[in-house]
Amino acid sequence: MMKSIAHESAHLHVTGEATFADDIPQLAGTLFIALFISEKAHAKIEAIDFSAVEASAGVVSIITAYDIVGANDCGPIIQDDPILSADEVNYIGQPIFAVVADSYLNARKAVKKAHVTYHELEAVFDLDEADKRQSYVLPPMLLKKGNTQQVFNESDLQLEGRFKVGGQEHFYLEGQVAYAVPQEDGCLHLWCSTQHPTEMQHLVARCCGLDAGQVVVEMRRMGGGFGGKESQSALFCCLASIAAQKLNRPVKCRLDRDDDMLITGKRHHFNYDYRVAFNDTGKIKALQLKMLLGCGYSADLSGPVATRALCHVDNAYSLQQVDLSAIFCKTNTQSNTAFRGFGGPQGAFATEFIIDNIARLTGIDALDVRKNNFYGKTENNVTPYGQIVDDNVIHELVDELEISSDYRARREAIRIFNQTSTVIKKGLALTPVKFGISFNVVHFNQAGALIHIYTDGSVRVNHGGTEMGQGLHTKVAQIVANELGISTNFVRATATDTSKVANTSATAASTGSDLNGKAAQDAARQIKNRLIDFLAEKYAVEKTAIIFINDEVRINQQTLAFRDVIQQAYESRIQLWSDGFYKTPGLHWDKDKLSGSPFYYYAYGASVSEVAIDTLTGEFRLLRADLLHDAGNSINYGIDIGQIEGAFIQGMGWLTTEQLVWNDEGRLMTHAPSTYKIPAVSDCPPVLNVKLFENKNVKDTVMRSKAVGEPPLLLGFSVFFAIRDAISSVSNYKINPPLNAPATAEEILNAVDYCNGFSDD
Ligand code: MTE
Ligand code: HPA
Ligand code: MOS
């Protein structure tokens, strides 16, 4: 394990000096955008009265769909995402036109003065209703293995049911923002907050009728992305660019929080219908699962999200006979998108919920039912999509956590507590995680880097990944420093820039450090090899006698400062910069059959949560959580622990308090922190034990580390199932609480009431 160094921007974050897109000093003449968004969920636009807008102070221009010289679309995969609606609107919040004014305030004041006449059309909000009407954004996906029907015909122990999980607002602290500046000869330079600079470059080029080579996208850091800036930064990048191009002025598009929440998509909410057959140890023999995805009005990334959901229904369990489907429901709401875990959490949640039900029916502790279903090490290790799980550590990881968290004794103590505590009930749950690492689109698994060493020995590294707080730049700097045997103080990671490293993938799927770390290592290694060749010749020594360590280069008995070596090499005209490239080996995926080996490896983890619920108010408290997570051979302990804690709390928020509510007209009512409840510091448990599981990656990843960004979000499951355990205690653990996620106070109270109806006393 490498040492835990501070995030490269920590000192800038805490002093407020870190430059985000909106902090870049504005050029004279900069203009500002405000968006007019649809007030109807589904309607034809009959007329727009702009007169009061045009007369409003400071207004310079109004941009409508007809001002777009290229394609009026910013869809990442298929073109069903208009930048501005020309004639039809599909959700409340859809942008219809943009006002460009001399100040942000003037633009916002002006946009409110427009009057739009709509002809309303019938709207669909409910997923079952959308399914019934066959209102879909994409054709269904099916993943089958074995013959489930035969098992059902022969099995006594069966269960079927329905449940739901809600969506989730990203709630990045920095909202969506883009600043477009026209350059000479029709070119554009764009500063924006995005996980995907290359896609922004291409979509801006497409809507502005430019070549990609005429657009440069630069991105130093985001104040959080969480998937919400993987594709959906595009709308704002395109709008700023369209206006900048039309007016030949710098234009900024920065969203107000409420507009951000009304316009952009969220995590997909899911409805599940299942049927399961199992034996008396709770082992699943067959599973049929139909998942309705709430996609919203357009496809966006729903296809790959569903693929990942289907590939994570198994979670850590060997499911031999499955019949899984994903149905892409189209509704008149925001277009849902990537969110930490990218469908994986929704897929795995289904099986965890079903196992939780099976445990209560068989009367076996849920942990033992889980263990009875785990993938084997050498047998029962083929996933429903055909990949062999050859790096399984879930058995030893869960065993370690079971002991360190004192699971069995606490289970007993809670049972006793609940016998005498009438209002407050406690619950406990241990849930495992197995998460596949790699993009499920094979060609996205590539990265590039560019390293410069200056003659004083200092280093700048540029790579295709973006920094969103997850510490990618810190890790890449560590990798480069380690390769060159120098201190990280000499290595600076610089803003992601499409003119330095081209054709980059989104920083997503947790692959940022796996891909860009390897590419940067490759670049550093090339320079180092040139230096070794140069030194071996100059000092007439074997190449193997040259070692780069502690800011020095050892050449047999002689030691030179790294910077002196660099100066010598420069004077001898050795190239001191290099590019680097990496592509993940061994991946294959048939997207039509949904089979292959889409993941380079798996990351594992498990968590134990203990909660208390108030059976009169429905409130809950997380009392203690123990997390054990596999980050491989961690590159940066402190950053990895931070990712694990943050993901766990974010996962908990998703499944408990973060409720999205749309009213009957389809208006999102929870569009501000006043109504949308993310976890606060006070929601963190008083006892939080977080540990890395000692485990080097068996695959040749950078320093044998493992991706850590998304997998620990699934650790939050244990909070939900601990709540469910506490609720079921009122029925003496006989009844499966009908608890949907998020487990809001209202949900908890209803489930308690239901279970009370079955209590023994
Ligand atoms: N951590 C912070 N602080 N902020 C973020 O926006 N995004 C998450 C995760 N951790 C995020 C984060 C998501 S969705 C992903 S895919 C990964 O970081 C992306 O970065 P990585 O691949 O470098 O881990
Ligand atoms: N995660 C995030 N983004 C993606 C993925 C994924 O698995 N596949 C395609 N885009
Ligand atoms: Mo993360 S959802 O892959 O951006």
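In this predicted model, a backbone N or O atom of Ser 510 lies 3.4 Å from an oxygen atom of ligand 1. Gly 512 also faces an oxygen atom of ligand 1, with a backbone N or O atom at 2.7 Å. Met 468 turns to a nitrogen atom of ligand 1 instead, its backbone N or O atom lying 2.9 Å away. On its own, ligand 1 has 520 Å² of accessible area, and the protein covers 92% of it.

The surroundings of ligand 1 comprise 19 residues, of which Gly 225, Phe 226, Met 468, Gly 512 and Gln 643 come nearest. By class, this shell holds five nonpolar, 12 polar and two charged residues.

Ligand 2 has its own set of neighbours: Glu 230, Pro 304, Arg 308, Phe 342, Phe 439, Asn 440, Val 441, Phe 444, Ala 508 and Ala 509. Seven of the residues in this shell are nonpolar, one is polar and two are charged. Side chains supply the polar atoms in the contacts tabulated below.

| Residue | Atom of ligand 2 | Distance |
|---|---|---|
| Glu 230, polar side-chain atom | nitrogen | 2.7 Å |
| Arg 308, side-chain N or O atom | oxygen | 2.9 Å |
| Asn 440, polar side-chain atom | nitrogen | 2.9 Å |

Taken alone, ligand 2 exposes 260 Å², and the protein buries 98% of that area.

Attention now passes to the strands. Strand E16 spans residues 424-437, and 12 of its 14 residues are buried. E16 pairs with strand E27 (residues 601-614) in the antiparallel sense, over 14 bridges. Within this pairing, Lys 434 has Tyr 604 of E27 as its bridge partner, and Phe 435 stands opposite Ala 603 in E27.

How many of the 14 residues of E27 are buried? The count is 14 of 14. In a regular strand, side chains alternate between the two faces of the sheet. In E27, Tyr 601, Ala 603, Gly 605, Ser 607, Ser 609, Val 611 and Ile 613 point one way, whereas Tyr 602, Tyr 604, Ala 606, Val 608, Glu 610, Ala 612 and Asp 614 point the other way, and all are buried.

E27 also pairs with strand E28 (residues 620-629), again in the antiparallel sense, through nine bridges. Ala 606 stands opposite Leu 628 of E28 in this arrangement. The two strands, E27 and E28, form a hairpin with five residues between them, and Gly 618 in the turn has a positive phi of about 85°.

The cysteines can be considered next. A disulfide is a covalent bond between the sulfur atoms of two cysteines. The count of disulfides in the model is zero. Why does Cys 329 form no such bond with Cys 295? The sulfur of Cys 329 has its closest cysteine sulfur in Cys 295, and the separation of 6.8 Å is too far for a bond, given the cut-off of 2.5 Å. Cys 329 counts as buried because its relative accessibility is 0%. Cys 755, likewise at 0% relative accessibility, counts as buried.

A further buried position occurs in helix H5 (residues 148-154), where Thr 148 is found. Thr 148 counts as buried because its relative accessibility is 4%, which falls under the 20% limit. The side chain of Thr 148 is joined to that of Gln 288 by a polar contact of 3.3 Å.

Methods:
Residues are numbered from 1 along each chain as its sequence is written. Chains are lettered from A and ligands numbered from 1 in the order in which they are written. This is a predicted model: local features need pLDDT of at least 70, side-chain atom pairs count only at pLDDT 80 or more; totals for chains, interfaces and linings use all residues. Side-chain values use heavy atoms; hydrogens and water are left out. A residue is near a molecule or strand if one of its heavy atoms lies within 4 Å of it. A polar contact is a pair of N or O atoms within 3.5 Å; within protein, one must be able to donate a hydrogen and the other to accept it, and residues adjacent in sequence count only if both atoms are side-chain atoms. Accessible areas come from the Shrake-Rupley method with a 1.4 Å probe; for residues, only the protein chains shown count as cover. Ala, Val, Leu, Ile, Met, Phe, Trp, Tyr, Cys and Pro count as nonpolar, Asp, Glu, Lys and Arg as charged, and the others, Gly among them, as polar. Buried means under 20% relative accessible area, exposed over 50%, partly exposed in between (1.4 Å probe, protein chains only). Helices (H or I, at least four residues) and strands (E, at least two) are DSSP runs, numbered from the N terminus. Two strands pair if DSSP finds at least two bridges between them.
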